[in-house]
Amino acid sequence: MFVSVTTADVSPATPETGRITPAVLIAVLSTVGVVVSLMQTLVIPIIPSLPTLLGTSASNASWVITATLLAGAVSTPISGKLGDMFGKRLVLVINLGFMIVGSVVCASFSSLLPEIVGRSLQGAAVGAIPLGISIMRDELPPAKVGGAMAVMSATLGVGGAIGLPFAAVIAQNADWHMLFWTAAGLGIVCAVLVFVFVPESPVRTPAKFDFGGALGLSIALLTLLVGITKGADWGWASASILGLFAASLVSFLLWGFYELRQSAPLVDLRVSARPRVLFTNMASIAVGFALYGMSLTFPQLLMAPEATGYGFGLSMVVAGLAMAPTGLVMMLLSPVSARLSAKKGPKLTLALGSAVIGIGYLCAVLMMDSVWQIMLASVIVAGGVGLAYAAMPALIMGAVPITETAAANGLNSLMRSIGTSTSAAVMGVVLAHMTMQLGPHVLPSREGFHTAFFIAMAGAVAAIALTACIPMRKTD
């Protein structure tokens, strides 16, 4: 979970500068990134039990995951904007405070509504990752910025991968509420580390906060995800679902019109419309979509009973451990991505990472006969994610001024979060409705998993196509 730091690197800040050493700053911020992103997969090992634990339907219980991703999608541009306005460290600590409060709420109740509220507060902490990237750009020497941003960006995937075995061990050996008490403890540790070791950035952009923009974005995303999640239950052609999709489309259009008329918008659509930023963000949606397919499908496949004809009957802990190498691969490849981007350009790295993701899902479709084959497919997907995620900040940072870095990184993380939250809804619908009967239990079918893998593969192909459209001229 922690970034390795040499003894020489961790010497105290020099009296002359009073500044913390780069390795300590990178280690602290990366640790925060891993812990915050861990919230995305914290409950995946207990997905089959959630309806019983919360006394609700499987469709409603899926919102315990979707709410976290939705809150993360909304909070990332908000956190970035507030960081630019009031100080990045301050907003980072506030984000961790949301995570702590949300964890305590989830740990204290056993019904659906409090869990959704608590999980939403946990998701709001995801804004810490773009803030960390922006702090690194403000504080680190230029020679260290590229590699540090790559590591920080990769934590979004690394934390999700580590969350699986971490959560499985706790859920299998203790009451499920302990998942959230542990998360609260990790949040407190991270808040203390940030307060002690992370300096407040001197780069500020004073402005009035755009409450209308935040509300409009929230409505647009909420109506979109409710429509996707409930489509199969209510009927894709039903008036309710069509109305939700129409409301989402209208909300996005009105939000965009409103943002263009603001002097200090939540999301600067004019900057976002620069071809380099626009296509990078669109590719980020596709990569985020492909990433979450792995987190949601592979563990369920490994834990499915052998009587299904495709499952392996692994326990939560063993399935989590089988997925653990993905986090290591992502972290190891993030500095490789930074070096490759420095030599060949981040555009090539992003395209390469997307292609590797697609190959990983193709392997999953063709090789589902043993645990090692699923592990191999997951490691390949994770390798692609490590390359792609680490390349995105370099593309964004090269296209925006330093005063807009937190907001720009927040927008890029928003795009990734839209991808992951949409993926969670889509994959959840596929696996919930392409099923087989096994005694009294209804489980996803083999065809359901294949369909999910093909959908994720399509996301990777879309990312390649969008990356090809990214211009690399200095003026873009």
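Two residues are in contact when heavy atoms of one lie within 4.5 Å of heavy atoms of the other. This tour uses that term at several stops, and the model on display is a predicted one.

**Stop 1: Ile78**

Select Ile78, which lies in helix H4, residues 63-86. Because its relative accessible area is 18% and buried means under 20%, Ile78 counts as buried. Now display the residues around Ile78. Leaving aside neighbours within four places in sequence, Ile78 is in contact with Phe209, Ala214 and Leu266. Next, add Ala124 to the selection. Ala124 and Ile78 are 46 residues apart along the chain, and their C-alpha atoms are separated by 9.6 Å.

**Stop 2: the nonpolar cores**

Which residues have the most contacts inside the largest nonpolar core? Select Ile65, Phe298, Leu350, Tyr361 and Phe453 to see them; the core as a whole has 117 residues. Its largest share, 14 residues, comes from helix H13, which covers residues 275-303. A second, separate core has 24 residues, and Phe209, Ala214, Leu221 and Leu266 are among them. Three of these names were met at the previous stop, where Phe209, Ala214 and Leu266 were in contact with Ile78.

Return to the largest core and centre the view on Phe298. When neighbours within four places in sequence are set aside, the contacts of Phe298 are Gly293, Met323, Tyr361, Ala364, Ile374, Ala377, Ser378 and Phe453. Tyr361 and Phe453, both in contact with Phe298, are also listed with the residues that have the most contacts inside this core.

**Stop 3: helix H15**

Colour residues 346-366, which form helix H15, and select Ile357 within this helix. Is Ile357 buried or exposed? With a relative accessibility of 1%, Ile357 counts as buried. Beyond its neighbours within four places in sequence, Ile357 is in contact with Val287, Ala290, Val381, Gly384, Val385 and Ala460. Leu291 stands 66 residues from Ile357 along the chain, with 8.0 Å between the two C-alpha atoms.

Cys363 also has its place in helix H15. The relative accessibility of Cys363 is 18%, so this residue counts as buried. Not counting residues up to four places away in sequence, Cys363 touches Ala377 and Ile380. The C-alpha atoms of Cys363 and Ala377 are separated by 5.6 Å, and the two residues are 14 apart along the chain. Ala377 has appeared before, as one of the residues in contact with Phe298.

**Stop 4: two loop residues**

Select Pro45, in the loop between helix H1 (22-38) and helix H2 (50-54). This residue is buried, with a relative accessible area of 9%. Setting aside neighbours within four places in sequence, Pro45 is in contact with Leu164, Ala167, Ala168, Met303 and Met316. For a distance to display, choose Asn412: Pro45 and Asn412 are 367 residues apart in sequence and 28 Å apart in space, C-alpha to C-alpha.

Move next to Thr308, in the loop between H13 and helix H14 (316-344). Thr308 is buried, its relative accessible area being 11%. A polar atom of the Thr308 side chain lies 3.3 Å from the backbone nitrogen of Tyr310. Not counting residues up to four places away in sequence, Thr308 touches Met436, Leu438 and Leu443.

**Stop 5: the salt bridges**

How many salt bridges does the structure hold? There are two. Display the side chains of Asp84, Lys88 and Asp138, which are linked in a network of salt bridges. Between Asp84 and Lys88, the closest N and O atoms are 3.9 Å apart. Between Asp138 and Lys88, the N to O distance is 2.9 Å. Asp138 belongs to helix H7 (residues 128-139) and Lys88 to helix H5 (residues 88-108), so this pair ties together parts that are 50 residues apart in sequence. Asp84 and Lys88 are buried, and Asp138 is buried as well.

**Stop 6: a surface patch**

Finally, turn to the surface and select Ile188, Val192, Phe195, Val196 and Phe197. These residues form a nonpolar patch, with about 480 Å² of accessible area together. Val196 lies in helix H9, residues 178-197. Why does Val196 count as exposed? Its relative accessibility is 53%, and exposed means over 50%.

Terms used. Residues numbered from 1 in each chain as written. Predicted model: local features only at pLDDT ≥ 70, side-chain atom pairs only at ≥ 80, totals over all residues. Heavy atoms only, no water. Core = buried A, V, L, I, M, F, W, Y, C linked by side-chain atoms within 4.5 Å. Buried < 20%, exposed > 50% of the residue type's maximum accessible area, 1.4 Å probe, protein only. Helix = DSSP H or I, 4+ residues; strand = E, 2+ residues; numbered from the N terminus. Patch = residues over 30% accessible without salt bridge, like charges linked within 9 Å, V, L, I, M, F, W, Y side chains within 5 Å. Areas by Shrake-Rupley, 256 points an atom, 1.4 Å probe, with all protein chains shown as cover. Salt bridge = Lys/Arg side-chain N within 4 Å of Asp/Glu carboxyl O. Polar contact = N/O pair within 3.5 Å; in protein donor to acceptor, adjacent residues only side chain to side chain.
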